[in-house]
Amino acid sequence: MKNLFEQDDKYVYKPLAEKMRPNHLDDFFGQQDIVGPSSPIRKMIETDNISSMIFWGPPGVGKTTLAHIIANETNSSFYELSAVTAGVKEIKEFIEIARFNKMNGKKTIVFVDEIHRFNKVQQDAFLPYVENGDIILIGATTENPSFEVNSALLSRVKVYVLTSLTEKEIVSILRRTLEKNREYQNVTIQEECFPLISSLSNGDARSALNTLENIINITPFINGEKKITKEILLSSLQSKTFLYDKKGEEHYNLISALHKSMRNSDPDASLYYLARMLEAGEDPLYVARRLIRFASEDIGLANPNALVQATSAYEAAHDNGMPECDVNLAQAVVYLSVSPKSNSLYMAYLKAKEDAKNTAYEKVPLNLRNAVTKLDSDLGYGKGYQYAHDFEQKITNMQCLPDSIKNHKYYYPTNSGREKAVKEVLTKIENMKKNL
């Protein structure tokens, strides 16, 4: 007789993402560099020769699923530990099971989600059992293992980096869900909805499936069918503000608005457009790259530290990821907004680029060439070169540009911020050259 409190699996609610978790590698989407043909993990599965490993990547890219597939397609028992709740006691209980399995010729895979949450003592508890093959440890983490996993344990595992899924991969997962799930046989979705759901997911399959499930659940049956259109999808989502296609017009409108708000020294508007993009799931590294560009294009030498701030924000976004890096980018955006502005460097390069295109035939002046061989010397390479360090002021009046553009000038510093000092230095250099 079944226990009154025991639940039948068919009555237990499972999220759609869990129900659609693939059991075989051929049904797995993404990460082809590590699971595709001739890839490391595929070879391990095919030969049933699994080693301990850690999957590092953002949420919803298949870390847990891959662990399940490895266990399912090999002669292995699978046990899952949560780093949030499990302690050394639970680890040792699994070890006893693993030793029994080993005696009976079966491998034991212990999967630890969020392995970076294990403290040093918990991580060290795995060491001897991983080393002697009692268990195969598969860890999953969203944090850089180099910083979050003990070096001793890290040296005994292979780290595989998983990346965010592409829009195409997310759309394929959504389509497969509708085709394979018998509950959704009477559900039809307008073609435009697939890329829209994908763009909201930020490369996270779990998020995309949760969105799909929620939309289907709240859409009523009409004549025995659920027809989901783009309009229904938009009206059903809680936050229309953050709906935009990362490859579409609104994507470019928002980055343009951010750039122009910073150029106009408006930190409030700049923060707003930054938030619009990040909360919509925009890649923070894309935003950071645009900040780096802005630092030189619109500020330049008016505040040389702007480029330092922007590149530091990129590194922070790369290391932290979302949502932690939002405040790093916010710091850079405000700093760039309130910095003195100058586009002198940008304009100087545009002029130099135009000359470079029009004078591509010009040879480098002989005095600036290196005489590497005797023939070079005979041809006059290096003749007339003046070594600036041999002169008292470390400056010469030597011509450096080709003859056709020898008097062209590109960089005209402004009086903005620190560029005023640069302008004074250049004026001083020009006057010194005149007196040489």
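Let me start with threonine 64, which at 12% relative accessibility counts as buried, and which in this predicted model is found in helix α4. If we set aside its neighbours within four places in sequence, threonine 64 is in contact with Arg21, Glu80, Phe111 and Asp113.

The helix around threonine 64 is worth looking at as a whole. Helix α4, which runs over residues 63–72, is mostly covered, with eight of its ten residues buried. Those buried residues are Lys63, Thr64, Thr65, Leu66, Ala67, Ile69, Ile70 and Ala71. And what covers them? The cover over the buried residues of α4 includes the helices α2 (32–35) and α3 (40–47), together with the strands β1 (53–56), β2 (76–82), β3 (107–113) and β4 (136–141).

From the helix I move to the aromatic rings, where the structure holds four aromatic pairs. One of them is formed by phenylalanine 55 and tyrosine 160, a tilted pair with 6.4 Å from centre to centre and 50° between the planes. Because phenylalanine 55 lies in strand β1 and tyrosine 160 in strand β5 (residues 158–161), this pair ties together parts that are 105 residues apart in sequence. Both phenylalanine 55 and tyrosine 160 are buried. Another pair is that of tyrosine 272 and tyrosine 273, which is edge-to-face, with the centres 5.0 Å apart and 70° between the planes. Here tyrosine 272 counts as partly exposed, at 42% relative accessibility, and tyrosine 273 is partly exposed as well, with a relative accessible area of 23%.

Tyrosine 160 comes up once more when we turn to charges over rings, since the charged end of lysine 158 sits over the ring of tyrosine 160, 5.8 Å from its centre. A further arrangement of this kind involves arginine 175, whose charged end sits over the ring of phenylalanine 194, at 4.4 Å from the centre of that ring.

Finally, let me take you to the surface. Which residues form a nonpolar patch there? They are Val364, Leu368, Tyr385 and Tyr387, and together these residues have about 380 Å² of accessible area. Within that patch I would point to tyrosine 385, which lies in the loop between α19 (374–378) and α20 (419–434), and which, at 44% relative accessibility, counts as partly exposed.

Conventions:
Residues numbered from 1 in each chain as written. Predicted model: local features only at pLDDT ≥ 70, side-chain atom pairs only at ≥ 80, totals over all residues. Heavy atoms only, no water. Buried < 20%, exposed > 50% of the residue type's maximum accessible area, 1.4 Å probe, protein only. Helix = DSSP H or I, 4+ residues; strand = E, 2+ residues; numbered from the N terminus. Contact = heavy atoms within 4.5 Å. Phe/Tyr/Trp six-rings, centres within 6.5 Å; stacked < 30°, edge-to-face > 60°. Lys NZ or Arg CZ within 6 Å of the ring centre and 35° of its normal. Patch = residues over 30% accessible without salt bridge, like charges linked within 9 Å, V, L, I, M, F, W, Y side chains within 5 Å. Areas by Shrake-Rupley, 256 points an atom, 1.4 Å probe, with all protein chains shown as cover. Salt bridge = Lys/Arg side-chain N within 4 Å of Asp/Glu carboxyl O.
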